Amino acid sequence: MEFNNNIPIYIQVMHKIKQDIVTGKLKPGGKMPSSREYSSQLGINFNTVARVYKEMEMEDLVFTKRGLGTFITESTEKIESIRYDMAKELIYNFINGMEQIGYKKDDMLNFIKKANINEGNDL
């Protein structure tokens, strides 16, 4: 995983884990690597992974079973909520970026339709 120096690493790792959860790479109820294992895989500090797990536990995205490890939530509602929030953020960033280059909302919709048609898809 390559990291952006402008965003805290724990935020980037959390985003990657969320992305892996909503895309099904990480399964509901699945066991996460230990903090030591994961920090070694990512080449980051053990305490950063511990913080990631703690933050994600506060968001009810993972839970810890004492002596067994950290597990991904089994709540499909929570996973759909994460997915919705991630989609909303992408759309917000898209709209914001398009407005910065002078697109109005109707122009954006036309742009999306045109791009989608060019891809061979119908909206």
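The legends below describe close-up views of a predicted model.

**View 1. The largest pocket and the residues that line it.**
This pocket has a volume of about 260 Å³, and its lining is made by Ile 11, Met 14, His 15, Lys 18, Glu 59, Leu 61, Lys 78, Ser 81, Ile 82, Asp 85, Met 86 and Glu 89. Helix H1, which covers residues 9–22, and helix H4, which covers residues 76–100, each contribute at least two residues to the lining, and the largest share, 6 residues, belongs to H4. When the lining residues of the largest pocket are sorted by class, 5 are nonpolar, 2 are polar and 5 are charged.

**View 2. The second largest pocket, with a volume of about 170 Å³.**
Here the lining consists of His 15, Gln 19, Val 22, Arg 83, Met 86, Ala 87, Glu 89, Leu 90 and Asn 93. Helices H1 and H4 each supply at least two residues of this lining, and the largest share, 6 residues, again comes from H4. By class, the lining of the second largest pocket holds 4 nonpolar, 3 polar and 2 charged residues. A reader who compares the two lists will find His 15 in the lining of the largest pocket and also in that of the second largest pocket.

**View 3. A salt bridge between Lys 18 and Glu 59.**
Side chains of opposite charge can pair when their charged atoms come close. The structure holds 4 salt bridges, and in the one shown here the side chains of Lys 18 and Glu 59 meet with a distance of 3.2 Å from N to O. Lys 18 lies in helix H1, whereas Glu 59 lies in the loop between helix H3 (46–58) and strand S1 (62–65), so this pair ties together parts that are 41 residues apart in sequence. Lys 18 counts as buried because its relative accessibility is 19%, and the cut-off for buried is under 20%. Glu 59, at 32% relative accessibility, counts as partly exposed. Both Lys 18 and Glu 59 also appear in the lining of the largest pocket.

**View 4. A salt bridge within helix H3, formed by Arg 51 and Glu 55.**
The closest N and O atoms of Arg 51 and Glu 55 are 3.7 Å apart. Because these two residues are 4 residues apart in helix H3, they are separated by about one helical turn. Arg 51 is partly exposed, at 40% relative accessibility, and Glu 55 is also partly exposed, with a relative accessible area of 23%.

**View 5. A salt bridge within helix H4, formed by Arg 83 and Glu 80.**
In this pair, the closest N and O atoms are 3.8 Å apart. Arg 83 and Glu 80 both lie in helix H4, where they are 3 residues apart, or about one turn of the helix. Arg 83 has a relative accessible area of 46% and is therefore partly exposed, while Glu 80, at 44% relative accessibility, likewise counts as partly exposed. Arg 83 is also one of the residues lining the second largest pocket.

**View 6. A nonpolar patch on the surface, made by Leu 109, Phe 111 and Ile 112.**
The patch formed by these three residues has an area of about 260 Å². One of them, Ile 112, is found in helix H5, which covers residues 105–118. Ile 112 is partly exposed, since its relative accessible area is 34%, and residues must have over 30% to be counted in a patch.

Terms used. Residues numbered from 1 in each chain as written. Predicted model: local features only at pLDDT ≥ 70, side-chain atom pairs only at ≥ 80, totals over all residues. Heavy atoms only, no water. Patch = residues over 30% accessible without salt bridge, like charges linked within 9 Å, V, L, I, M, F, W, Y side chains within 5 Å. Areas by Shrake-Rupley, 256 points an atom, 1.4 Å probe, with all protein chains shown as cover. Buried < 20%, exposed > 50% of the residue type's maximum accessible area, 1.4 Å probe, protein only. 1 Å grid on protein atoms, 1.4 Å probe; cavity = no way out; pocket = protein on both sides within 12 Å on 5 of 7 lines; lining within 4 Å. Points joined across faces, edges and corners; volume = space filled by probe spheres on them. Nonpolar A, V, L, I, M, F, W, Y, C, P; charged D, E, K, R; others polar.
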